[in-house]
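The following exercises concern the pockets of a protein model and the confidence of its prediction. Work through each task before reading its solution.

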Amino acid sequence: MLSTRRIGAEDSATRDALLDAALKLLVEEGYASVTSRKVAGRAGLKPQLVHYYFRTMDDLFLALVRRGAAQNLERQARALESPQPLRALWQLSTDPAGTTFAIELFALANHRKTIRAELAAHADEFRRLQRVALESLLESYGVELGDMPSVVLPVLVTGLSQILVLEETLGVATGHAELRTTVEQWISRYEPKRSGKASGS
């Protein structure tokens with residue numbers, strides 16, 4: 001039977017505070033630590049408020065996925081608009097916080113079908129947009145992909161960045177410096193390094 005209990009407004013500052021607290025717990029301690037009591041404690045609020053804004057913890061996780069997906073699309077758009085979009089995209093992809101968040105969500109998705117479906121839908125859309133953007137960008141730089149399908153590019157970027165961050169979190173660094181140097185050298189062929197950070201990073 002569906003609940004008719006009123007749920008707090010989505011534009012509420014309290015709801016945002018709960019999501020912020022849940023995100024910090026997820027990244028710092030892992031998805032298993034994200035309980036209503038811990039989220040409320042981290043936000044400095046009463047535990048019952050968690051279920052006022054989210055009927056279940058799955059609803060809270062779904063809200064995190066949706067908010068994270070929207071923010072990721074915004075960051076990607078800013079990176080693509082920057083003076084050095086390739087460099088900005090690589091910096092975005094290798095941001096430890098973003099990758100750790102994604103890895104924890106993947107682990108959660110193994111146990112929650114609703115999270116898995118939502119995450120897959122957003123990942124497919126993000127990858128589609130990234131592929132289109134990279135195709136256009138590389139074409140403007142005169143880069144020929146040869147026999148490599150363009151859809152492979154976002155998969156490579158995602159895979160490399162997640163391996164780097166995950167292994168560095170574990171203390172594994174073999175080959176990492178060389179990989180970063182190789183990527184930097186390739187990017188520098190088309191976007192020579194400038195002073196200061198690339199905008200959008």
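**Exercise 1.** For this predicted model, identify which helices each supply at least two residues of the lining of the largest pocket, and which of them gives the most.

*Solution.* Begin with the helices: α1 (13–29), α4 (57–81), α5 (85–93), α6 (96–109), α7 (113–140) and α8 (152–170) each contribute at least two lining residues. Next, consider their shares: α4 gives the most, with nine residues. Finally, turn to the pocket itself, which holds about 910 Å³ of space. Its lining comprises 35 residues, and N72, R75, G98, F101 and A102 lie nearest the centre.

**Exercise 2.** Describe the second largest pocket and state the classes of residue in the linings of both pockets.

*Solution.* First, the volume of the second largest pocket is about 460 Å³. Of the 18 residues that line this pocket, L153, V157, L160, V183 and W186 are the closest to its centre. Two or more lining residues come from each of α5, α7, α8 and α9 (176–190). Then classify the residues: the lining of the second largest pocket has 15 nonpolar, three polar and no charged residues. The lining of the largest pocket, in turn, has 17 nonpolar, 11 polar and seven charged residues.

**Exercise 3.** Determine where in the chain confidence is lowest and highest among the helices, and which terminal stretches call for caution.

*Solution.* Start with the whole chain: the average pLDDT is 88, and 92% of the residues score at least 70. Among the helices, α6 has the lowest mean, 86, and α2 (residues 36–43) the highest, 96. Now examine residues 1–6, where pLDDT is below 50 and the stretch has five contacts beyond near neighbours in sequence. Residues 196–201 also have pLDDT below 50, with 13 such contacts. Where pLDDT is low, predicted coordinates should not be read in detail.

Key. Residues numbered from 1 in each chain as written. Predicted model: local features only at pLDDT ≥ 70, side-chain atom pairs only at ≥ 80, totals over all residues. Heavy atoms only, no water. 1 Å grid on protein atoms, 1.4 Å probe; cavity = no way out; pocket = protein on both sides within 12 Å on 5 of 7 lines; lining within 4 Å. Points joined across faces, edges and corners; volume = space filled by probe spheres on them. Helix = DSSP H or I, 4+ residues; strand = E, 2+ residues; numbered from the N terminus. Nonpolar A, V, L, I, M, F, W, Y, C, P; charged D, E, K, R; others polar. pLDDT = per-residue confidence, 0-100. Contact = heavy atoms within 4.5 Å.
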